[in-house]
Amino acid sequence: MHGAGGSVEGHFGGLARRFGERFRCVAGELPRRTGGGVDAAVDGIVAAADAAGLETFAVCGYSLGAPLAVRLAVRCPERVTRVVLTAPFARADHRMRLGISLWRGLHESGRTRLLAQHLALTGLGAGFLDRTDPGRLRAMLALAPAPPATTPAHLELAELIDVRDDLARLAVPALVVVTTEDPLVSPDRQRELAASVPGARTAELGTGHLPFWEDPDGWADLVEDFLAAGVR
């Protein structure tokens, strides 16, 4: 389950290719239209699992996909076997809401270049930015794809969701991957979330909010090891 303004391919494509045939990967796409609400989004993920013929499954949620994964596991405990939450939040705080407001305004105005810069500033860790050649960074921003048309629905969902009461009810093995240089979701908030989940395992990754860009192999190692432990 991917994050706002993205897709399963964009956020999990590298991970899925790394898994190869070891795990079957099913895309949990976020809503395409506004107005459906949080539980409707979760119902859509369950429908995707049903269509794939899965009775039980592990759920990997990144960013906005993480609280949706929590809600899914709490609503359907008989179906979810494991949960991986990467760069997670339980609800949007003031900092996130300000970022979302800017994101929405730049998206609506069609200012794609400025939006790419905003997302780089709120998504990439300081260490990654410092290590990146300025010319390469300019090229990355120039080549950034236009935001998907589904962005308004994702941002609406990010502002609505609140799974604080669900965390203590999460009753399946959980891995929380804390992105320790995250400028969007505070690492301390991520650790607080992990501490609220009974028995959760916590792993720390030295990246910003985009681990699939900054350390794809390190992220894949953490996720693969945790999922593999559930099938041994």
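What is the volume of the largest pocket? It comes to about 870 Å³. Keep in mind that you're looking at a predicted model. Below is a quick tour of its hollows, followed by a look at one pair of packed helices.

**The largest pocket**

- The lining of the largest pocket takes in 39 residues, and Ala4, Gly5, His11, Leu119 and Leu210 are the ones nearest its centre.
- Several helices chip in with at least two lining residues each: α1 (8-19), α4 (94-109), α5 (112-123), α7 (134-142), α8 (151-160) and α11 (211-214).
- Among the contributors, α5 gives the largest share of this lining, with eight residues.
- Sort the lining of the largest pocket by class and you get 25 nonpolar and 14 polar residues, with no charged ones.

**The second largest pocket**

- Next comes the second largest pocket, with a volume of about 720 Å³.
- Its lining is made of 29 residues, and Arg24, Cys25, Val26, Ala58 and Val59 sit closest to the centre.
- Here helices and strands both take part: α1, α2 (38-51), β1 (57-62) and β2 (80-86) each bring at least two residues to the lining.
- Helix α1 supplies the largest share of the lining of the second largest pocket, seven residues.
- Unlike a lining with no charged residues, the one in the second largest pocket has three charged residues, along with 21 nonpolar and five polar.

**The cavity**

- Searching the whole structure for cavities of 30 Å³ or more turns up one.
- The volume of the largest cavity is about 40 Å³.
- Around the largest cavity you'll find Pro31, Arg33, Thr34, Gly36, Gly37, Ala153, Glu156, Leu157 and Leu160.
- Those lining residues split into four nonpolar, three polar and two charged.

**Helix α1 against helix α12**

- When two helices pack together, people describe the pair by the angle between the axes and the distance between them.
- For α1 and α12 (residues 216-229), the axes come within 10 Å and cross at roughly 60 degrees.
- That angle is why α1 counts as oblique to α12.
- The crossing of α1 past α12 is right-handed.
- On the α1 side, the residues in contact are His11, Phe12, Leu15, Arg18 and Phe19. Their partners in α12 are Asp217, Trp219, Ala220, Asp221, Val223, Glu224 and Leu227.
- By class, this contact brings together seven nonpolar, one polar and four charged residues.
- Notice that His11 turns up twice: it is one of the residues nearest the centre of the largest pocket, and it is also part of the α1 contact with α12.

Terms used
Residues are numbered from 1 along each chain as its sequence is written. This is a predicted model: local features need pLDDT of at least 70, side-chain atom pairs count only at pLDDT 80 or more; totals for chains, interfaces and linings use all residues. Side-chain values use heavy atoms; hydrogens and water are left out. On a 1 Å grid over the protein atoms alone, a cavity is a set of points where a 1.4 Å probe fits but cannot get out, and a pocket is an open set with protein on both sides within 12 Å along at least five of seven lines; lining residues have an atom within 4 Å of a point. Grid points are joined across faces, edges and corners, and a volume is the space filled by probe spheres set on the points. Ala, Val, Leu, Ile, Met, Phe, Trp, Tyr, Cys and Pro count as nonpolar, Asp, Glu, Lys and Arg as charged, and the others, Gly among them, as polar. Helices (H or I, at least four residues) and strands (E, at least two) are DSSP runs, numbered from the N terminus. Axes are lines fitted to C-alpha atoms, for helices over the stretch in contact, and angles run from 0 to 180 degrees between N-to-C directions. Angles under 35 degrees count as roughly parallel, over 145 as roughly antiparallel, 65 to 115 as roughly perpendicular and the rest as oblique. A crossing is left-handed if the near helix is turned anticlockwise from the far one by less than a right angle, and right-handed if clockwise. Contact means heavy atoms within 4.5 Å.
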